[in-house]
Amino acid sequence: MAVRIRFLVTAAAVGLAAWFLLQHTARWIHSSPTAEGAALAAPSLPDDEKLAERELRKVKDQLDALRYSRPYIVVDTNASLLYLRSEDSIMLKTPCSTGSGGKLVDEATGRRWAFNTPSGVFRVESKLVDPWWRKPDWAFIEDSLGVPADPSQRLDPEMLGQYALGFGDGCYIHGTVYERLLGVSVTHGCIRVGSDDLERLYEKVGIGTRIYIF
Amino acid sequence: MRRSESALGYISSSSGVSRKVDIGLTVTMLACLMLAVSISIAGCAEGTGSTVSPKGAGEGCRRVDVEFRRVWAELELAKGGGPYLVLDLGRRKIDLRLKGVLVWSCPVRYEDPDSEVLLEMEPYLRGERNPPVELLTGKHLYAYREQFPDSVLAVVARVAHVKPEQLQRYEPGHFELRFGRRLVIDVHTDVEARSGSWLRNAFAAMRNAVLAPITGAEIKIGMEPEDALTLYRMAHPHLPLLICATAEERG
């Protein structure tokens with residue numbers, strides 16, 4: 001009997017300790033900021049309301065200055081959509097194809113390629129009409145073909161469609177002969193758009209237009 | 001009297017208890033009591049941590065302070081260069097911004113009554129959190145629908161020289177995003193979805209149940225399937241979420 005009583009009292013004490021520990025943990029979780037969050041903490045404002053409002057206006061102006069007033073291109077690689085938009089409106093929304101994420105290894109030379117569309121902020125660097133595709137080595141290796149020595153055998157006048165917008169390190173927004181695959185991420189890194197929407201895009205953007213890819 | 005060994009000593013079948021067992025139980029009981037008392041004392045001494053009451057008297061100063069913290073946090077996030085989410089509870093939308101520029105936006109609908117949502121998020125809206133930012137710590141997909149038929153992908157994958165599973169996209173029917181130690185956003189769409197792995201779903205539900213007393217806020221929202229696809233796929237660890245409730249147009 002005494003053993004049982006002592007056991008019950010011990011169990012109750014352990015339960016009480018666990019409860020206090022849980023409460024303490026909850027208090028810690030709700031109060032302690034993460035390191036990254038702490039870096040974003042705002043400094044204290046002056047007590048005077050007018051001075052405080054002045055400080056608020058200053059930071060608001062700084063934030064507004066980061067906004068981009070002209071139309072820009074956005075590529076959503078998650079949903080395979082391309083937009084031409086501004087802060088307040090969307091002028092064009094169209095399905096596109098982006099990088100498949102596939103990998104290729106040339107067994108003969110050990111060279112490797114990863115077919116991803118880069119993410120980040122870029123600018124339109126070139127605008128091309130009736131672009132020809134100069135096939136890189138991987139286009140032949142992927143089909144188990146030999147890489148041609150004659151440069152003219154690399155050229156394909158049809159593959160890129162009627163227009164191309166160049167950005168980044170050799171990336172393009174261009175047309176495609178595979179319009180039925182728009183919306184599926186099948187490319188080797190470039191961004192494919194349907195011919196009609198590509199023409200509208202080409203007409204509306206200029207060199208320097210920003211491209212946001214995420 | 002039969003005796004058998006135990007970790008603490010011999011236990012007899014009689015009503016008496018060996019001295020070793022008696023001492024062991026007593027020590028354990030006292031240790032637990034001391035632990036409980038010391039933890040509760042430590043907890044009281046810690047206070048409420050980083051929650052800061054806005055300075056200055058009056059509602060005006062408080063409003064300015066809350067707004068200042070939000071704008072300051074967003075300015076720092078924009079300068080940081082990476083993407084960040086903005087959950088605007090007033091305008092009922094989630095934005096994705098990159099260097100301060102809006103790149104994606106989706107309207108949300110509250111699955112719970114407005115008052116409950118605002119009550120859950122009150123610490124952020126009243127300026128009790130500085131900054132009003134949480135970082136993504138995890139996500140879980142409960143139910144989904146394949147975007148493309150497998151038969152189509154089998155053909156496309158051959159042409160594109162990739163695996164079919166790399167091309168497939170899963171439109172979420174139900175998923176959750178966990179931010180920091182305190183915020184869970186539960187997202188639903190009207191996609192006719194099938195449940196994912198029952199074991200993983202059960203584990204996620206169990207984890208939420210265990211952490212429910214600790215989690216600060218949980219809100220349920222609905223959105224269009226296309227938006228949910230983007231939000232779920234773009235949600236990477238440490239993605240910042242800024243929480244605000246604007247009522248006016250910015251700028």
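## Salt bridges, starting between the chains

A salt bridge here is a side-chain nitrogen of Lys or Arg within 4 Å of a carboxyl oxygen of Asp or Glu. Keep in mind that this is a predicted model. Lys93(A) and Glu226(B) fit that rule, with their closest N and O atoms 2.8 Å apart. This pair runs from one chain to the other: Lys93(A) sits in strand S3 (residues 90-97) of chain A, and Glu226(B) in helix H8 (residues 225-234) of chain B. Is either end fully tucked away, or what is its exposure class? Lys93(A) is partly exposed because its relative accessibility is 44%, and Glu226(B) lands in that class too, at 35%.

Over all chains, the rule gives 24 salt bridges. As background, side chains of opposite charge can pair when their charged atoms come close.

## Two pairs inside chain A

Arg111(A) and Asp137(A) make a salt bridge, their closest N and O atoms being 2.8 Å apart. Arg111(A) is in the loop between strand S4 (103-105) and strand S5 (112-114) of chain A, while Asp137(A) belongs to helix H4 (residues 137-141) of chain A, so this pair ties together parts that are 26 residues apart in sequence. With a relative accessibility of 34%, Arg111(A) counts as partly exposed.

The pair of Asp61(A) and Arg57(A) is a local affair: both residues lie in helix H3 (residues 49-65) of chain A, four residues apart, or about one turn of the helix. An α-helix has 3.6 residues a turn, so residues three or four places apart point the same way. The closest N and O atoms of Asp61(A) and Arg57(A) are 3.5 Å apart, which makes a salt bridge. Asp61(A) is partly exposed at 41% relative accessibility, and Arg57(A) is partly exposed at 44%.

## A nonpolar patch across the chains

On the surface, Leu16(A), Trp19(A), Leu30(B) and Leu33(B) make up a nonpolar patch, together offering about 370 Å² of accessible area. Helix H1 (2-31) of chain A and helix H1 (19-46) of chain B each supply at least two residues of this patch. Take Leu16(A) as one example: this residue is in helix H1 of chain A and counts as partly exposed because its relative accessibility is 37%.

## Chain B and its helix H7

Chain B has eight helices and 12 strands. Of its 251 residues, 45% are buried. Among contacts in chain B with a separation of 6 or more, 68% are between residues 24 or more positions apart. Chain B exposes about 12,800 Å², and carbon and sulfur atoms supply 57% of that area.

Now for helix H7 (residues 198-211) of chain B: its 14 residues reach 20 Å from first C-alpha to last, close to the 20 Å expected at 1.5 Å a residue. Which residues of H7(B) are buried? They are Asn201(B), Ala204(B) and Asn208(B). These three cover an arc of only 65° around the axis, which means they are on the same side of H7(B). Their cover includes strand S7 (133-146), strand S8 (170-179) and strand S10 (194-195) of chain B. Over on the other side of H7(B), the exposed residues are Trp198(B), Leu199(B), Phe203(B), Met206(B), Ala209(B) and Val210(B).

Terms used. Residues numbered from 1 in each chain as written. Chains lettered and ligands numbered in written order. Predicted model: local features only at pLDDT ≥ 70, side-chain atom pairs only at ≥ 80, totals over all residues. Heavy atoms only, no water. Patch = residues over 30% accessible without salt bridge, like charges linked within 9 Å, V, L, I, M, F, W, Y side chains within 5 Å. Areas by Shrake-Rupley, 256 points an atom, 1.4 Å probe, with all protein chains shown as cover. Buried < 20%, exposed > 50% of the residue type's maximum accessible area, 1.4 Å probe, protein only. Expected span 1.5 Å × (residues − 1). Arc of directions from axis to C-beta. Contact = heavy atoms within 4.5 Å.
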